[in-house]
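Where do the charged side chains pair up, and where are they left unpaired? This report looks at both.

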Amino acid sequence: MIKLIGVAIVILGFALKLDNIAIILVAGFVTGLVGGMDIVKILETIGNSFVANRSMAIFIVIMLVTGTLERNGLREMAAKLIGKIKNATAGMVIGAYGVLRLILAAFNVSLGGTAGFVRPVVMPMAIGAVEAKHGKADEKHVEELKGMSAGMENVTWFFGQVLFVGGSGALLVQSTLKQLGYETDLASLAKVEIPVALFALIVAGILYYFKDRHLDKTIYGQKK
Amino acid sequence: MDPKIAIGTKLLECLYILMGLVAGYAGIKTLFEKEHKAKIGTAVFWCSLAVILVFGRWLPKLWSGILVIVMAIPAVLGQVKAGPNGGPSKEYTEAQAKKIGYKIFIPTLMMGTMAIIFAVFTKVSPLVGVGVGVIIAAILLMIFSKNNKPKTFLDDSKRMLDIVGPLSMLPMLLAALGAIFTTAGVGQVIADLVSKVIPQGNMTVGIIVYAVAMAIFTMIMGNAFAAITVITVGIGGPFVLALGANPTVIGMLALTCGYCGTLSTPMAANFNIVPVAILDMKGRYNVIKNQLIVAGIMLTFQICYMLIAK
């Protein structure tokens, strides 16, 4: 029973927003000590696991080009690509961004997140679509469009990234299962997620499209 | 090198060395940045990571463990910070976009493509494919523009590492915590405890409890990576996998069930609360409110998927 103290430390620590790295180390040392390991054995276990899981640092190699891709106009071209849909409603702009983001997430490429892409690119396009139709965008509508853009951003990123063969999520699953004695391979782990990712994109796309259409009707309809 | 070691392992080791060199460059460059606010801490962090990555294979376990702690100390003390921003100007990226155009997507998609090609056609780890993809992407970028010199890539990667910071080590640290849990026998204790509440031996109940527990614990902890190490050992292993379920399907989907929790909690502030500020929104929970239905549908979908494909 006392061995669960580490689990309690992790849950409480994360919930109380303490420093994540400190929580993990404290939980590790406390669990090891109450579980009958000495300091040397604990350090050896940490070292062994860390070295065995060096593959999780693959993002470092990827970063060798992500910054430079950005430098060479990746965001600008992504914006241009989304801008290609004609007569788009705000909901369609958000949906198109979702499609692009999911595809790029599957290749482990981010366009810069909310600060780097949604605020400077997606929102002006969505608001532009509303203004083209109604002249001025309603405040309540804009607030919801922001919420939906951020939602699309998160949904497609979470469920898209797991399609990348060698993403950090799958690597952690692989190492967790290995400790329990189950061998898995990265390509199969990614394959399992294909229906999930497609379904997530469809659900969010349809939901946001109709929500925007509904808002569009209820907000501007009464003014006419 | 020892000829008995498989070529795939050797290539993977080369990849780790490359990672280490990039991390080491970030650490050493920090030392030369005059305006940097936490030079020593930041340099210690990236340089010790570099040593573990490059020499991990040959270092005694104890040394690696000590190096992990040395790396973690400045991070815990808040002494790992980003350097002065050397990002490109908007004018420059716009000019480059005009010049290079849609061709920029070729190097962008190279890493993922090579990972798949390696997974399908070779016995070597797809991660080596990612590394090869990075090299091809870098070569293409150098062909596209003469301004992209080797130093440009290194400086840009340093800038990106500064942005992700020490939290990027979370998966590796959580894996280490999982290893300690396993060695100390924590899984057995949780399993004994849970078996008093739910019946062992019923896979359907096990799957539903595992999936829902992943979502709920992620909501409490705000982090699916932290949840999966604990919940898989305690519930996923003894109540689902031990009964013969497919570990690839169950283990992987459990993670994305956790993501449904991430979408529904203010604890995942980076994703759900910070954007509210970035987008100047009025309602603090308006991002979460737009995600709740999606999260509920996705959790249900995945539980059904697990039950069918188990």
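The text below covers salt bridges, then a charged surface patch.

The model is predicted; local features need pLDDT of at least 70, side-chain atom pairs count only at pLDDT 80 or more, and totals for chains, interfaces and linings use all residues. Residues are numbered from 1 along each chain as written, chains are lettered from A in written order, and side-chain values use heavy atoms, without hydrogens or water.

**Salt bridges**

Side chains of opposite charge can pair when their charged atoms come close. A salt bridge here is a side-chain nitrogen of Lys or Arg within 4 Å of a carboxyl oxygen of Asp or Glu. Over all chains, the structure holds 17 salt bridges. Three of them are tabulated.

| Acid | Base | Closest N and O atoms |
|---|---|---|
| E153(A) | R101(A) | 3.2 Å |
| E144(A) | K211(A) | 2.8 Å |
| E94(B) | K90(B) | 3.4 Å |

Helices are DSSP runs (H or I, at least four residues), numbered from the N terminus. Burial is graded by relative accessible area: buried is under 20%, exposed over 50%, partly exposed in between (1.4 Å probe, protein chains only).

Take E153(A) and R101(A), joined by a salt bridge. E153(A) sits in helix α8 (residues 139-161) of chain A and R101(A) in helix α6 of chain A, so the pair ties together parts 52 residues apart in sequence. Both residues are buried.

E144(A) pairs with K211(A). This pair also links distant parts of the chain: E144(A) is in helix α8 of chain A, K211(A) in helix α11 (residues 194-221) of chain A, 67 residues apart. E144(A) has 18% relative accessibility, so E144(A) counts as buried. K211(A), at 29%, is partly exposed.

In chain B, E94(B) bridges to K90(B). Both lie in helix α4 (residues 90-100) of chain B, four residues apart, about one turn of the helix. E94(B) is partly exposed at 36%. K90(B) is exposed at 55%.

Chain B also holds a network of salt bridges, which links K29(B), E33(B), K151(B), D155(B), K158(B) and D162(B).

**Positive patch**

Which residues form a positive surface patch? They are K80(A), K84(A), K86(A) and K98(B). Patch residues have over 30% relative accessible area and no salt bridge, with like charges joined within 9 Å. The place of a Lys charge is taken as NZ. K84(A) is found in the loop between α5 (74-82) and α6 (90-106) of chain A. Its relative accessibility is 49%, so K84(A) counts as partly exposed.

Key:
Patch = residues over 30% accessible without salt bridge, like charges linked within 9 Å, V, L, I, M, F, W, Y side chains within 5 Å. Areas by Shrake-Rupley, 256 points an atom, 1.4 Å probe, with all protein chains shown as cover. Lys, Arg positive; Asp, Glu negative; His and termini not counted. Helix = DSSP H or I, 4+ residues; strand = E, 2+ residues; numbered from the N terminus.
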